[in-house]
Amino acid sequence: MAVIPVDIAGRPYEVRVERGLLPRLASECGARLRKRRVPIVTDAQVHAAWGGTVEASLRDAGHEAVWRILPPGESTKGWQ
């Protein structure tokens, strides 16, 4: 698995890249999932392709996905 560190001042995090990773989402996140409800922001196309996989992984680990689904495209890539 490729692990890419992102060094944002005060809030560093990792991006993990690997084929077949999403079905293991809940186990990969481990202790980071401290609450039952997990907020997820995505666009409609990504949700259509992978939403079920993400939801199943979280559900099987006792969590609930709470979706914010945005329209696809450049218009949603800003704070407006």
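How many helices and how many strands does the protein have? This predicted model contains two helices and four strands. Their order along the sequence follows the pattern β-β-α-β-α-β. Along the principal axes, the C-alpha trace spans about 35 × 30 × 25 Å. Of the 80 residues in the protein, 15% are buried. Among contacts with a separation of 6 or more, 56% are between residues 24 or more positions apart.

Strands E3 and E4 come next. E3 covers residues 37-43 and E4 covers residues 64-70. The two strands pair in the parallel sense, over seven bridges. One of the bridge partners can be named: Asp43 is matched with Leu70 in E4. In a regular strand, side chains alternate between the two faces of the sheet. E3 has a covered face made of Val38, Ile40 and Thr42, while Arg37, Pro39, Val41 and Asp43 form its uncovered face.

Asp43 also has a part in what follows E3. This residue caps the N-terminal end of helix H2, with a side-chain oxygen 2.9 Å from the backbone nitrogen of Gln45. H2 runs over residues 44-60 and has 17 residues. At 1.5 Å a residue the helix should span 24 Å, and its end C-alpha atoms are 23 Å apart, so the two values agree. H2 nevertheless bends by about 60 degrees at Trp50.

Which residues of H2 are buried? They are Gly51, Val54, Ser57 and Leu58. An α-helix has 3.6 residues a turn, so residues three or four places apart point the same way. The buried residues of H2 pack against helix H1 (25-29) and strands E3 and E4.

Two of these helix residues, Val54 and Leu58, belong to the largest nonpolar core. That core has seven residues in all, and the others are Ala26, Leu33, Val38, Ile40 and Ala65. E3 and H2 are the elements that give two or more residues to this core. Ile40 has contacts beyond its neighbours within four places in sequence: Val54, Leu58, Ala65, Val66, Trp67 and Arg68.

After H2 the chain passes to E4. Just after the helix, Gly62 takes a positive phi of about 85 degrees. His63 is in the loop between H2 and E4. Is His63 buried or exposed? Its relative accessibility is 16%, and His63 therefore counts as buried, since the cut-off for burial is under 20%. The His63 side chain reaches the backbone oxygen of Lys35 at 3.0 Å. A polar atom of that side chain also lies 3.5 Å from the backbone oxygen of Arg36. Leaving aside neighbours within four places in sequence, the residues in contact with His63 are Leu33, Lys35, Arg36, Val38 and Leu58. Among them, Leu33, Val38 and Leu58 are members of the largest nonpolar core.

The last stop is the segment after E4, where Lys77 lies. Lys77 counts as exposed because its relative accessibility is 63%, and the exposed class begins over 50%. The side chain of Lys77 is joined to that of Glu74 by a polar contact of 3.0 Å.

Terms used. Residues numbered from 1 in each chain as written. Predicted model: local features only at pLDDT ≥ 70, side-chain atom pairs only at ≥ 80, totals over all residues. Heavy atoms only, no water. Buried < 20%, exposed > 50% of the residue type's maximum accessible area, 1.4 Å probe, protein only. Polar contact = N/O pair within 3.5 Å; in protein donor to acceptor, adjacent residues only side chain to side chain. Expected span 1.5 Å × (residues − 1). Bend = angle between axes of the 7 residues up to and from the residue. Contact = heavy atoms within 4.5 Å. Core = buried A, V, L, I, M, F, W, Y, C linked by side-chain atoms within 4.5 Å. Pairing = 2+ DSSP bridges.
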